[in-house]
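Subject: Handing over the structure

Hi,

Here is the structure I promised to send you. Please have a look, and then read on for what turned up in the pockets and around the ligand.

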Amino acid sequence: MESLVEVARLITTCTDCSLHLGRTNAVPGEGAQDAEIMLIGEGPGFHEDRLGRPFVGPAGQFLEELLASIGLKREQVFIANMVKCRPPQNRDPLPEELSACSKYLERQIELVDPLLIVTLGRFSLTRFFPGESISRARGRVRQRDGRSIFPIMHPAAALHRQEHRATIMEDFRAIPGVLEGLRERLRQLPEPVMPPVMEEAPPPEQLALF
Ligand code: URA
């Protein structure tokens with residue numbers, strides 16, 4: 001199977017939608033290959049486009065505070081986005097841009113295989129739950145396609161509206177408990193049954209020549 005590095009290489013050379021025309025850098029995403037948590041944002045903004053790294057502007061600073069509040073550093077999680085190139089003037093990504101880019105997120109999810117996916121904002125929420133609203137879905141874990149999804153508001157919402165800050169912090173505080181529940185569930189899964197090992201057939205006996 002290809003590696004995250006290989007997926008990142010495909011992203012940085014991608015020309016599958018018009019967002020590539022305006023990018024300084026594509027932003028593949030980054031973090032630990034074996035991360036338990038994968039965070040999925042919307043798309044790169046100004047700072048991310050400049051540096052080629054996700055969540056390095058003001059929203060990223062808040063995200064790092066949130067991670068620290070539950071004892072995590074950004075290197076311990078995997079941080080990705082729905083689209084990997086910055087939409088002009090930070091407009092919402094268009095359906096055709098989301099769909100052109102979705103193959104990369106699929107592969108990242110498969111490769112990291114996180115215990116928990118935390119969606120940040122409505123675009124990553126609707127990737128898993130089309131038509132769902134963030135105010136209804138936020139702060140509780142749900143299953144989709146065999147994955148555990150924990151939707152929260154986008155950290156940038158806290159920068160525009162102070163009252164959202166407390167909500168996001170409260171939702172984030174629930175993550176360690178959710179993770180512990182998921183780890184416990186994993187521990188209780190029965191051991192996979194391995195197929196019986198076939199004895200190797202003994203070599204045919206040499207025919208005596210005499
Ligand atoms: N907002 C996002 O959704 N993603 C980033 O990488 C930065 C800001």
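How do the residues of the lining of the second largest pocket divide into nonpolar, polar and charged? The answer is five nonpolar, three polar and three charged. Before you go further, please keep in mind that this is a predicted model.

Staying with that second largest pocket for a moment, its volume is about 220 Å³. Its lining is made up of D113, P114, L115, Q143, G146, R147, S148, L182, R185, L186 and L189. Two elements, β6 (147-152) and α9 (175-188), each contribute at least two residues to this lining. Of the elements, α9 has the largest share, with three residues.

Now to the ligand, which I expect you will want to open up early. The ligand sits in the largest pocket. Around the ligand you will find G41, E42, G43, E48, P54, F55, N81 and H154. By class, this shell consists of two nonpolar, four polar and two charged residues.

Three polar pairings are worth pulling up in your viewer:

- G43 uses its backbone: an N or O atom there lies 3.0 Å from a nitrogen atom of the ligand.
- N81 uses its side chain, where a polar atom is 2.8 Å from a nitrogen atom of the ligand.
- H154 also uses its side chain, with an N or O atom 2.8 Å from an oxygen atom of the ligand.

As for how covered the ligand is, it would expose 240 Å² taken alone, and the protein buries 91% of that.

The pocket that holds the ligand can be described in its own right. The largest pocket contains about 690 Å³ of space. It is lined by 27 residues, and those closest to its centre are E42, A59, H154, A156 and H160. Two or more lining residues come from each of α2 (46-51), α3 (58-69), α5 (122-128) and α7 (155-160). Helix α7 gives the most, with four residues. In terms of class, the lining of the largest pocket has 12 nonpolar, 10 polar and five charged residues. Two names link this pocket with the ligand: E42 and H154 are among the residues closest to the pocket centre, and both also belong to the group that surrounds the ligand.

Finally, there is an enclosed space to tell you about. The count comes to one cavity of 30 Å³ or more. This cavity holds about 100 Å³ of space. There are 14 residues in its lining, and C14, C17, K84, C85 and C101 are the closest to its centre. Helix α4 (residues 95-112) supplies the largest share of that lining, namely four residues. The cavity lining splits into nine nonpolar residues, one polar residue and four charged residues.

If you only have a few minutes, I would begin with the three contacts made by G43, N81 and H154, and then move on to the pocket around them.

Happy to talk it through whenever suits you.

Best wishes

Note on methods. Residues numbered from 1 in each chain as written. Predicted model: local features only at pLDDT ≥ 70, side-chain atom pairs only at ≥ 80, totals over all residues. Heavy atoms only, no water. Near = heavy atom within 4 Å. Polar contact = N/O pair within 3.5 Å; in protein donor to acceptor, adjacent residues only side chain to side chain. Areas by Shrake-Rupley, 256 points an atom, 1.4 Å probe, with all protein chains shown as cover. 1 Å grid on protein atoms, 1.4 Å probe; cavity = no way out; pocket = protein on both sides within 12 Å on 5 of 7 lines; lining within 4 Å. Sits in = over half its atoms within 2 Å of the grid points. Nonpolar A, V, L, I, M, F, W, Y, C, P; charged D, E, K, R; others polar. Points joined across faces, edges and corners; volume = space filled by probe spheres on them.
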